[in-house]
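Please walk me through this structure in the viewer, one selection at a time. At each stop, tell me what to select and what is there.

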Amino acid sequence: MPLWSSHYFVVPDCPISAGAQRVHGLTLEDLERKRGSELVYSVEAGLTQAIKILRDFHSRGAYVVGSNVGRFDLEMLRRSSVSYSGRPWTMSIRRFNAANYRRVEHDLAIEPSRGDRPRRGLEYLCHHYGVTPGGHDALEDARAAVEVFMEQ
């Protein structure tokens, strides 16, 4: 189990697509209603906080664990930084990718047979390893990915 976690919301500076609303169950109005009872940041403050946390833990040798860290999470952070500030964040994403846990690749190393394990999505691996899935909630998906890693 993780020893520390942080969970906050960022109000985007653009509309939330219908697809993202279906997956995460949040609208702009929902995010605005969370102010006062939850941590809710602007895009700039949310990016600053995420980068600060990643730099701090990476400098201490921590691994980034998640469901799709390299291909989605860090890339989304990079693109958001470029979109917001006109420049990517300064820490190399490649350095993070070299040290992050890749759930699917790790599972393929454990069991390379696609016949025995044809699917490798987080929900499937949660079921396979006896872990409660996260249900498309960012913090819960991260927790599930860590627990799958520990079971592996």
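Among contacts between residues at least 6 apart in sequence, 50% join residues at least 24 apart. The model is a predicted one. Start with the whole chain in cartoon view: eight helices and four strands are present, and their order along the sequence reads β-α-α-β-α-β-α-α-β-α-α-α. Colouring by accessibility will show 30% of the 152 residues as buried.

**Stop 1: the aromatic pair**

Select Tyr8 and Tyr41. The structure holds one aromatic pair, and these two residues form it, in an edge-to-face arrangement with 4.8 Å from centre to centre and 70° between the planes. The partners come from distant parts of the chain, 33 residues apart: Tyr8 belongs to the segment before strand S1 (9–10), and Tyr41 to strand S2 (residues 40–41). Is Tyr8 buried or exposed? Tyr8 has a relative accessibility of 19% and the cut-off for buried is under 20%, so Tyr8 counts as buried. Tyr41, at 22%, is partly exposed.

**Stop 2: Gly46**

Keep both tyrosines on screen and add Gly46, which is placed in helix H3 (residues 43–59). Gly46 counts as buried, with a relative accessibility of 4%. Apart from neighbours within four places in sequence, its contacts are Tyr8, Val10 and Tyr41. Now draw a distance from the C-alpha atom of Gly46 to that of Phe9: the two atoms are separated by 7.7 Å, although the residues are 37 apart along the chain.

**Stop 3: the nonpolar cores**

Which residues make up the largest nonpolar core? Select Tyr8, Val43, Leu47, Ala50, Ile51, Leu54, Val64, Val69, Leu74 and Leu77, ten residues in all. Helices H3 and H4 (69–85) each supply at least two residues of this core. H3 gives the most, with five residues.

Stay on H3 and pick Leu47. Not counting residues up to four places away in sequence, Leu47 touches Leu77, Ser80, Ser81 and Tyr84. Elsewhere there is a second, separate core of eight residues, among them Leu122, Leu125, Val131 and Ala144.

**Stop 4: Arg60 and its partners**

Select Arg60, Asp56 and Phe57. Arg60 lies over the face of Phe57, at 4.5 Å from the ring centre. The side chain of Arg60 also meets that of Asp56 in a salt bridge, with an N to O distance of 2.6 Å. Arg60 has a relative accessible area of 55%, which makes it exposed, whereas Asp56 is partly exposed at 34%.

**Stop 5: a salt bridge within helix H2**

The structure holds five salt bridges. For another of them, select Asp30 and Arg33, whose closest N and O atoms are 2.4 Å apart. Both residues lie in helix H2 (residues 28–34), three residues apart, about one turn of the helix. An α-helix has 3.6 residues a turn, so residues three or four places apart point the same way. Arg33 is exposed, with a relative accessible area of 58%.

**Stop 6: helix H8**

Finish by selecting residues 138–151, helix H8. How far apart are its end C-alpha atoms? They are 20 Å apart, which agrees with the 20 Å expected for 14 residues at 1.5 Å a residue. The buried residues in H8 are Asp141, Arg143, Ala144, Ala145, Val146, Glu147 and Val148. One of these, Ala144, was already met in the second core.

Show the side chains of Glu140 and Arg143. They form a salt bridge, with the closest N and O atoms 2.8 Å apart. The two residues are three residues apart in H8 and are therefore separated by about one helical turn. Their accessibilities fall into separate classes: Arg143 counts as buried at 13%, and Glu140 as partly exposed at 33%. Add Glu147 to the selection to complete the network: salt bridges with shared partners join Glu140, Arg143 and Glu147.

Definitions and conventions: Residues numbered from 1 in each chain as written. Predicted model: local features only at pLDDT ≥ 70, side-chain atom pairs only at ≥ 80, totals over all residues. Heavy atoms only, no water. Expected span 1.5 Å × (residues − 1). Buried < 20%, exposed > 50% of the residue type's maximum accessible area, 1.4 Å probe, protein only. Phe/Tyr/Trp six-rings, centres within 6.5 Å; stacked < 30°, edge-to-face > 60°. Lys NZ or Arg CZ within 6 Å of the ring centre and 35° of its normal. Contact = heavy atoms within 4.5 Å. Salt bridge = Lys/Arg side-chain N within 4 Å of Asp/Glu carboxyl O. Core = buried A, V, L, I, M, F, W, Y, C linked by side-chain atoms within 4.5 Å.
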